[in-house]
Amino acid sequence: MTYSYDDQNIFAKILRGEIPNNTVLETEHCLAFNDIEPQAPVHVLIIPKGPYVCYDHFANAASEAEIVDFTRTIGEICRLMDIGPGMGGNGYRAIANTGKDGVQEVPHFHMHILGGRDLGRMLR
Ligand code: AMP
C-alpha cells in the first residue's frame, strides 16, 4: 500500500490546534466538528486523529481500536444530532469522498454526516 500523507492539510492543522474548529465531539481516536460550509442543517465531519489519507487507507491500515472508535463516533453523532431513524430521527447521508474521481478536497480521511432536511437522490 502506498499512500502519501500531507501533514500540511487543513485537518492535520485542526488536529494540531493550529487553526480553530467547531468541535461537536472528541474521543481518544477521533474528532467530530461542524463543516465550515454546511450543505444541510446538520453537516458534521468525523475524522480519525491518525494520518490516514482516505477511507480505504484507514480501513486497511488503522488499528481495530481506531476503527471501532470511528464507527462508534458516527453512531454517537447521529444520536447527538437526532438524525438516527432508530431514535426517531429522519435519517441522514454518510459520504466519504475519495481521491480524484471522488472529488476529495482535503487529503485526510473524513466522513461527512449530512441531515436535517430531505437530501434528494444521491446522484442525478
Ligand atoms: P471533501 O471534498 O470531502 O474533501 O470535503 C472537505 C470538506 O471540508 C468541505 O465540505 C469543506 O467545507 C470542509 N472544510 C474545509 N476547511 C474546513 C475547516 N477549516 N473547518 C471545517 N470544515 C472545513
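1. A polar contact is a pair of N or O atoms within 3.5 Å; within protein, one of the two must be able to donate a hydrogen and the other to accept it, and residues adjacent in sequence count only if both atoms are side-chain atoms. The model is a predicted one, in which local features need pLDDT of at least 70 and side-chain atom pairs count only at pLDDT 80 or more, while totals for chains, interfaces and linings use all residues. Residues are numbered from 1 along each chain as its sequence is written, and side-chain values use heavy atoms, with hydrogens and water left out.

2. Two side chains make polar contacts with oxygen atoms of the ligand: a polar side-chain atom of Asp35 lies 2.5 Å from an oxygen atom, and a polar side-chain atom of His110 lies 2.8 Å from an oxygen atom. The backbone takes part as well, since a polar backbone atom of Ile36 is 3.1 Å from a nitrogen atom of the ligand. On its own the ligand has 510 Å² of accessible area, of which the protein covers 86% (areas come from the Shrake-Rupley method with a 1.4 Å probe).

3. Which residues surrounding the ligand are the closest? Among the 16 residues of this shell, the closest are Asp35, Asn97, Glu105, His110 and His112, where a residue belongs if one of its heavy atoms lies within 4 Å of the ligand. By class, the shell holds 8 nonpolar, 5 polar and 3 charged residues (Ala, Val, Leu, Ile, Met, Phe, Trp, Tyr, Cys and Pro count as nonpolar, Asp, Glu, Lys and Arg as charged, and the others, Gly among them, as polar). Helix α1 (10-15) gives the most to the shell, with 3 residues (helices are DSSP runs of H or I with at least four residues, strands are runs of E with at least two, and both are numbered from the N terminus).

4. The ligand sits in the largest pocket, in the sense that more than half of its atoms lie within 2 Å of the pocket's grid points. A pocket is an open set of points on a 1 Å grid over the protein atoms alone, where a 1.4 Å probe fits, with protein on both sides within 12 Å along at least five of seven lines, and its lining residues have an atom within 4 Å of a point. The largest pocket is lined by 25 residues, of which Phe11, Asp35, Leu45, Glu105 and His112 lie nearest its centre.
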